[in-house]
Amino acid sequence: MMLKVEDMQQYGKEHLDTVVASATTVQTGLQAIASAYGEYTKKSFEDTKSFVEKLSGVKSLDKAMEVQTEFAKSAYETFVAESQKIAGLYTDLAKQTFKPFEGMVAKFSPAAH
């Protein structure tokens with residue numbers, strides 16, 4: 001099998017295009033992840049502020065315990081949901097980042113010839 005200069009140039013161009021596509025995907029994915037973290041932080045802050053306001057208005061220990069329990073349950077549920085959402089974004093990012101390289105691997109793998 002003889003390699004031609006044109007084939008090598010085409011491979012170089014395809015490789016560069018693939019790297020650029022992957023880098024763009026990474027940037028977009030990281031922006032989505034950062035946004036999700038930001039939204040979660042903002043929601044957590046607002047929920048904590050609301051909890052403090054509710055707690056400052058209670059008149060009995062029983063009511064304080066009820067408000068505390070509600071807040072803890074809500075905070076846990078939000079944490080789990082947001083963690084799953086963010087983990088999904090990381091998974092999607094990994095899949096999308098390597099997707100452009102699949103074509104190159106298939107093209108140059110021995111099974112393709």
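Phenylalanine 71 is partly exposed, with a relative accessible area of 22%. This residue comes from a predicted model. Its aromatic partner makes a good starting point for the report.

**The aromatic pair**

Phenylalanine 71 pairs with phenylalanine 51. The two rings are stacked, with 4.3 Å from centre to centre and 15 degrees between the planes. The cut-off for stacking is an angle under 30 degrees, so these planes qualify. The count for the structure is one aromatic pair. Phenylalanine 51 sits in helix H1 and phenylalanine 71 in helix H2, so the contact ties together parts that are 20 residues apart in sequence. Phenylalanine 51 is buried, at 11% relative accessibility. Buried means under 20%, so the 22% of phenylalanine 71 puts that residue in the partly exposed class.

**The overall fold**

The protein has two helices and zero strands. Helix H1 covers residues 5–56, and helix H2 covers residues 61–108. The protein counts 113 residues, and 12% of them are buried. The accessible surface is about 8700 Å². Carbon and sulfur atoms supply 64% of that surface. Among contacts with a separation of 6 or more, 78% join residues that are 24 or more positions apart.

**Salt bridges**

How many salt bridges does the structure hold? There are four. One of them joins glutamate 39 and lysine 85, at 3.4 Å from N to O. Glutamate 39 belongs to helix H1 and lysine 85 to helix H2, so this bridge ties together parts that are 46 residues apart in sequence.

Another salt bridge lies within helix H1. Here the side chains of lysine 43 and aspartate 47 meet at 3.0 Å, N to O. These residues are four apart in the helix, so about one helical turn separates them.

Helix H2 holds a bridge of its own. Glutamate 66 forms a salt bridge with lysine 63, and the closest N and O atoms are 3.3 Å apart. Being three residues apart, glutamate 66 and lysine 63 are also separated by about one helical turn.

The residues of these bridges have the following accessibility.

| Residue | Relative accessible area | Class |
|---|---|---|
| Glutamate 39 | 45% | partly exposed |
| Lysine 85 | 40% | partly exposed |
| Lysine 43 | 34% | partly exposed |
| Aspartate 47 | 24% | partly exposed |
| Glutamate 66 | 38% | partly exposed |
| Lysine 63 | 38% | partly exposed |

**A buried charge without a partner**

Glutamate 82 is in helix H2. Is glutamate 82 buried or exposed? Glutamate 82 is buried, yet has no salt bridge. Which side chain of opposite charge is nearest to glutamate 82? That side chain is lysine 85, 4.1 Å away. Why does this pair not count? A salt bridge needs a nitrogen within 4 Å of a carboxyl oxygen, so 4.1 Å misses the cut-off. Lysine 85 does form a salt bridge with glutamate 39.

What does glutamate 82 touch, apart from its neighbours within four places in sequence? The contacts are Ala36 and Tyr40.

**Links between the helices**

Two of the pairs described above cross from helix H1 to helix H2. One is the phenylalanine 51 and phenylalanine 71 stack. The other is the glutamate 39 and lysine 85 salt bridge.

How values were computed
Residues numbered from 1 in each chain as written. Predicted model: local features only at pLDDT ≥ 70, side-chain atom pairs only at ≥ 80, totals over all residues. Heavy atoms only, no water. Phe/Tyr/Trp six-rings, centres within 6.5 Å; stacked < 30°, edge-to-face > 60°. Buried < 20%, exposed > 50% of the residue type's maximum accessible area, 1.4 Å probe, protein only. Lys, Arg positive; Asp, Glu negative; His and termini not counted. Contact = heavy atoms within 4.5 Å. Areas by Shrake-Rupley, 256 points an atom, 1.4 Å probe, with all protein chains shown as cover.
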